[in-house]
Amino acid sequence: LGDSLFNQERYTDAEPFFRRALEVRRKVLGLDNLDTAQSSGDLAITLRNLKRFDESEQLYRQAIAIREKLLGPGHADVAKSWFRLSRMFDAKGDYAKAAEILGHAIELGEKAFGPDDKTVTLWRGERAAELHDAGDTTAAEPLYRQAIAAAEAAFPADDLDLATFRQGLANLLRQTGRPAEAEPLYRLALAAREKGFGADDRRVA
């Protein structure tokens, strides 16, 4: 029932069901159990969406600790857990901390998935945006370019994630006084969104 309520964005209603599931799994399965880690994560994302960030962070870190202990610190699921924690800091508006944690997730992901894996490319693009939001354009620019190069090599030309990376870099170039460099990126991003969403969609405007 918690999942159903969560999918309806009824986070306040979902919380007690996820909290009860976590309590039961801790009691029956113990603290060091992957199902317990899953329940910690379910409650953590619910609390994140309710903007109860301190409680959410604690639960995310508990889930990470369990997975690191049972699976090893370099496991793919551990990398994904660090990624989810970075998303919590992003939602909180602490973009510098989000970028720092996502950098760690990327290091783990490069080893677990491979450096050219789509997940790693998406994470690099997201980290560029977090650094950009944090005001660190110097660090964000090369990461945008790295994500774009990897996506151009592996994704379709009209891929919407690639369009997002190009839009992000274009915004950065415009903000740093390079509108001529930004223009072709804007045009490529616009073309991909028009194809993906339709010319009249609000995401194209």
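Student: Where does Glu9 lie?

Tutor: In this predicted model, Glu9 lies in the loop between helix 1 (2-7) and helix 2.

Student: What is the phi of Glu9?

Tutor: The general expectation is that most residues other than glycine have a negative phi. Glu9 is not a glycine, yet its phi is positive, at about 65°. With a relative accessibility of 58%, Glu9 counts as exposed.

Student: In which loop does Lys51 lie, and what is its phi near?

Tutor: Lys51 lies in the loop between helix 3 and helix 4. Its phi is near 65°, again a positive value in a residue other than glycine. Lys51 counts as exposed, at 63% relative accessibility.

Student: How many helices and how many strands does the protein chain have?

Tutor: The protein chain has 10 helices and 0 strands. Its pattern along the sequence is accordingly written α-α-α-α-α-α-α-α-α-α. The C-alpha trace spans about 60 × 35 × 30 Å along its principal axes. Of the 205 residues, 41% count as buried. One may also ask about the sequence separation of contacts: among those between residues at least 6 apart in sequence, 49% join residues at least 24 apart.

Student: At what angle do helix 3 and helix 4 pack?

Tutor: For a helix pair, one reads the angle, the axis separation and the handedness together. Helix 3 (residues 34-49) and helix 4 (residues 53-71) pack at about 160°, and their axes are 8 Å apart. Because an angle over 145 degrees counts as roughly antiparallel, helix 3 is described as roughly antiparallel to helix 4. Their crossing is left-handed.

Student: Which residues of helix 3 and helix 4 meet?

Tutor: The contributors from helix 3 include Leu34, Ala37, Leu43, Ala44, Ile45 and Leu47. On helix 4, the residues they face include Phe53, Leu59, Tyr60, Ala63, Ile66 and Leu70. By residue class, the contact of helix 3 with helix 4 divides into 13 nonpolar, 6 polar and 3 charged.

Student: How do the axes of helix 7 and helix 8 cross, and what distance do they come within?

Tutor: The axes of helix 7 (residues 118-133) and helix 8 come within 8 Å, crossing at roughly 155°. Helix 7 is therefore roughly antiparallel to helix 8. The crossing of this pair is left-handed.

Student: Which residues meet in the contact of helix 7 with helix 8?

Tutor: From helix 7, the contact includes Thr121, Arg124, Gly125, Ala128 and Leu131. From helix 8, it includes Ala139, Ala140, Leu143, Tyr144 and Ala147. The residues of this contact divide into 10 nonpolar, 5 polar and 2 charged.

Student: How many salt bridges are there?

Tutor: The idea is to look for a side-chain nitrogen of Lys or Arg within 4 Å of a carboxyl oxygen of Asp or Glu. By this rule the count is 18 salt bridges.

Student: Which residue forms a salt bridge with Glu23?

Tutor: Arg20 does, with the closest N and O atoms 3.9 Å apart. Both residues lie in helix 2 (residues 11-28), 3 residues apart, or about one turn of the helix. Glu23 is partly exposed, with a relative accessible area of 43%, and Arg20 is exposed, with 54%.

Student: Which residue forms a salt bridge with Arg178?

Tutor: Arg178 pairs with Glu141, and their closest N and O atoms are 2.8 Å apart. This pair links distant parts of the chain: Arg178 is in the loop between helix 9 (160-175) and helix 10 (179-197), while Glu141 is in helix 8 (residues 137-154), 37 residues apart.

Student: Is Glu141 buried or exposed?

Tutor: Glu141 is buried, with a relative accessible area of 17%. Its partner Arg178 is partly exposed, with 24%.

Student: What is the N to O distance in the salt bridge of Arg145 and Glu181?

Tutor: The distance is 3.7 Å. Arg145 lies in helix 8 and Glu181 in helix 10, so this salt bridge ties together parts that are 36 residues apart in sequence. Arg145 counts as partly exposed at 37% relative accessibility, and Glu181 counts as partly exposed at 39%.

Student: Which residues are joined into one network by salt bridges that share partners?

Tutor: The network consists of Glu15, Arg19, Arg52 and Glu55.

Definitions and conventions: Residues numbered from 1 in each chain as written. Predicted model: local features only at pLDDT ≥ 70, side-chain atom pairs only at ≥ 80, totals over all residues. Heavy atoms only, no water. Helix = DSSP H or I, 4+ residues; strand = E, 2+ residues; numbered from the N terminus. Buried < 20%, exposed > 50% of the residue type's maximum accessible area, 1.4 Å probe, protein only. Axes fitted to C-alpha atoms, helices over the stretch in contact; angles between N-to-C directions. Parallel < 35°, antiparallel > 145°, perpendicular 65-115°, else oblique. Left-handed = near helix turned anticlockwise from the far one by under 90°. Contact = heavy atoms within 4.5 Å. Nonpolar A, V, L, I, M, F, W, Y, C, P; charged D, E, K, R; others polar.
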